[in-house]
Amino acid sequence: MTLSPPSPEIRTEAAGSAVSSPHTSRGIALVVDDEPTNRRLLARMLKKEGFDEVMEASGGEQAIAQFQAHRPDIVFMDIMMPQMDGFEATRRIKALAGMDFVPVIFLTALHDEQSLVRCTESGGDDFLTKPFNFSILKARIVAMERVRDLQRTIAAKNRALAQLLEKDRQEQTLAERIFSRAVNQRNVATERLQIVQRSAATFNGDLLLTQHLPDGGLRILLGDFTGHGLAAAIGALPVSDAFRTMTRKGLDDEQVLEELNRKLHEMLPADRFMAACLITLPGGGGELRWWNGGMPSAWLRTREGLRELSSHALPLGILPALPARECPRRIPIHEGDHLLLMSDGLLEARNDEGVQFQDAGFNGVLTGWDWNRAVLPTLCEALDRHCDGAEPEDDVAVVEVPLDGALFQPRPTDPQEGTHTPRGGWTWSLVLEDERLGDLPSVGSVLRGLGLLEGLEDCAGALETIVNELYSNALEHGILRLHSPMKAHPEGFATYYQRRAERLEAGPRGRVEIRIAYEPGDGAGAIRIRISDTGDGFDAENWQPVTQDPARPWGRGIALVRSLCESVAFDAGGSRVEVVYRCT
């Protein structure tokens, strides 16, 4: 193909013409034409217009090779060339460019409509018919550069957004792992509860905790954090630990709520909190204690009908102390009653028309709920019909609790009623290594399953607490090399648990050995617990008793162990601890 020689009129630029300064850097241009004269003429003009370098190609295959080698910023493409025409070369160049916008301007002597349509279909962004005017060509170049620069700005923002989304995905995955290993797997009586949890993303931020009371009863907490992902998971860890420890010790509802509120108020930013519903079912039966702070109403189905347990308190973590008037309430219950708990994600689930489930279907399920019958299957069917495949906007958590004796552990026999003190001693040990270090089973459940707690049920709660505190100390300070003073302020508290989760996710290397031995005695036997780790140990020499200063929310675990045990002794640089707990 040939270019018409530029006339003096065409070579003269009109004053004020919309072209770039010849001294402006404009990157690399690629000129593709099988006529050497055309290539050289256009190349000289482009260099004059400020392009740093102009590459030349005599055919389609060479153009593709030049594009791969030099990644030009703009391409000028002839159509009629031997072997591979400009249409095919453009298609391949556009495929190589991917999401990066590289403008291709066709320079063609073809004037028929079909050829011009093919220019666009093959990926061309503009075209000029030969003979063309250089001033018009330069104006088209400026227009294409504006589009290209805008696209590059958008692409850069998209890449940054993609990085943020990938970071969020990784946090969601990490949060799910934390919940699965550190929270959900430690729940009890889950085989007796009906539980449905649906996530709006990888991670479900609704928190469900269950733990037996010393009298064999059950305590349940359903919580919903503001925010999702790793932030919610980090908040759930201290809540879970405090809830389980205090429940195993038999502390009352008010004390548990006050401690959870204190921890969350110290740890969370001012705009974050946890709505929660706390249910306590004493081992003696006949009563349900409940507290609802900012959660949707729970529903109790009795023989007489439905009772609504509506929110009557602020969520946890908003105020430094809970108002005295917001104390737990009591309801009598009977065999055959059922309790339904839920997060707001259930009620606010929308269908394609934007109607929420609480306005279309939920009330019908409640009114049709028969006494002594499970309602959750019917509720889930109605929810599925309502949503009809629509993606959830929020996490959904629903728990149905059949209020029967199977929920409870066997009630420990009163020593005055003739409980025998075990006469034989026993020793039990467990070694956890590497990837297993994040998963400590319930020691009480294991020993109970082996029959080793017969006659020692009164000690089971304290034993569980002591082992958990000492194991956490060995894992976090010995193996994971975390330092408790990090938790001296809210930001450090969150950082501490984030690093804990990250190091567990990365795969810790080390070993923790737990050895528990029961030594019978006259009137009161002793449980000797020894825990050792292969890490750097615990700085026992510099450990100081914890005061009630709320500005120091760390170090309480060892203080609790010392208060429970007859003796606590660290050695081997803090990598081994042995305690003696006296059963009374």
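Q: In this predicted model, where is Asn372 found?
A: Asn372 sits in the loop between helix 10 and helix 11.

Q: How do I read its backbone, and what is the phi of Asn372?
A: Look at the sign of phi and at the residue type. Asn372 is a residue other than glycine, yet its phi is positive, near 65°.

Q: Is Asn372 buried, partly exposed or exposed?
A: Partly exposed counts as anything between 20% and 50% relative accessible area. Asn372 has 43%, so it is partly exposed.

Q: Which loop holds Gln83, and what is its phi?
A: Gln83 lies in the loop between strand 3 (74–78) and helix 4 (86–97). Gln83 is not a glycine either, and its phi is positive, about 65°. Its relative accessibility is 80%, so Gln83 counts as exposed.

Q: Let's move on to helix 11. How do I check its length against its number of residues?
A: Take 1.5 Å a residue and compare the expected span with the distance between the end C-alpha atoms. Helix 11 (residues 376–387) has 12 residues and should span 16 Å; its end C-alpha atoms are 16 Å apart, so the two agree.

Q: Which residues of helix 11 are buried, and where do they lie around the axis?
A: An α-helix has 3.6 residues a turn, so residues three or four places apart point the same way. In helix 11 the buried residues are Leu376, Leu379, Cys380, Ala382, Leu383, His386 and Cys387. They cover an arc of only 165° around the axis, so they are on the same side of helix 11.

Q: What covers the buried residues of helix 11?
A: The cover includes three strands and two helices: strand 6 (194–198), strand 14 (338–342), strand 15 (396–402), helix 9 (344–347) and helix 10 (362–367).

Q: Which residue follows helix 11?
A: That is Asp388, with a positive phi near 50°.

Q: Now a charged residue: how should I read Arg248, in helix 7 (residues 230–248)?
A: For a buried charge, look for a partner within the 4 Å salt-bridge cut-off. Arg248 is buried but has no salt bridge; Glu464, the nearest side chain of opposite charge, is 4.8 Å away.

Q: What is Arg248 in contact with, leaving aside neighbours within four places in sequence?
A: Its contacts are Arg186, Gln211, His212, Pro214, Gly461, Glu464, Thr465 and Asn468.

Q: Finally, how far apart are Ser429 and Arg530 in sequence and in space?
A: Compare the two separations. They are 101 residues apart in sequence and 9.3 Å apart in space, C-alpha to C-alpha. Ser429 itself lies in strand 16 (residues 426–433) and, beyond neighbours within four places in sequence, is in contact with Ile514 and Arg515.

Methods:
Residues are numbered from 1 along each chain as its sequence is written. This is a predicted model: local features need pLDDT of at least 70, side-chain atom pairs count only at pLDDT 80 or more; totals for chains, interfaces and linings use all residues. Side-chain values use heavy atoms; hydrogens and water are left out. Buried means under 20% relative accessible area, exposed over 50%, partly exposed in between (1.4 Å probe, protein chains only). Lys and Arg count as positive and Asp and Glu as negative; His and the chain ends are not counted. Contact means heavy atoms within 4.5 Å. Helices (H or I, at least four residues) and strands (E, at least two) are DSSP runs, numbered from the N terminus. The expected span of a helix is 1.5 Å times one less than its number of residues. The arc is that of the directions from the helix axis to the C-beta atoms.
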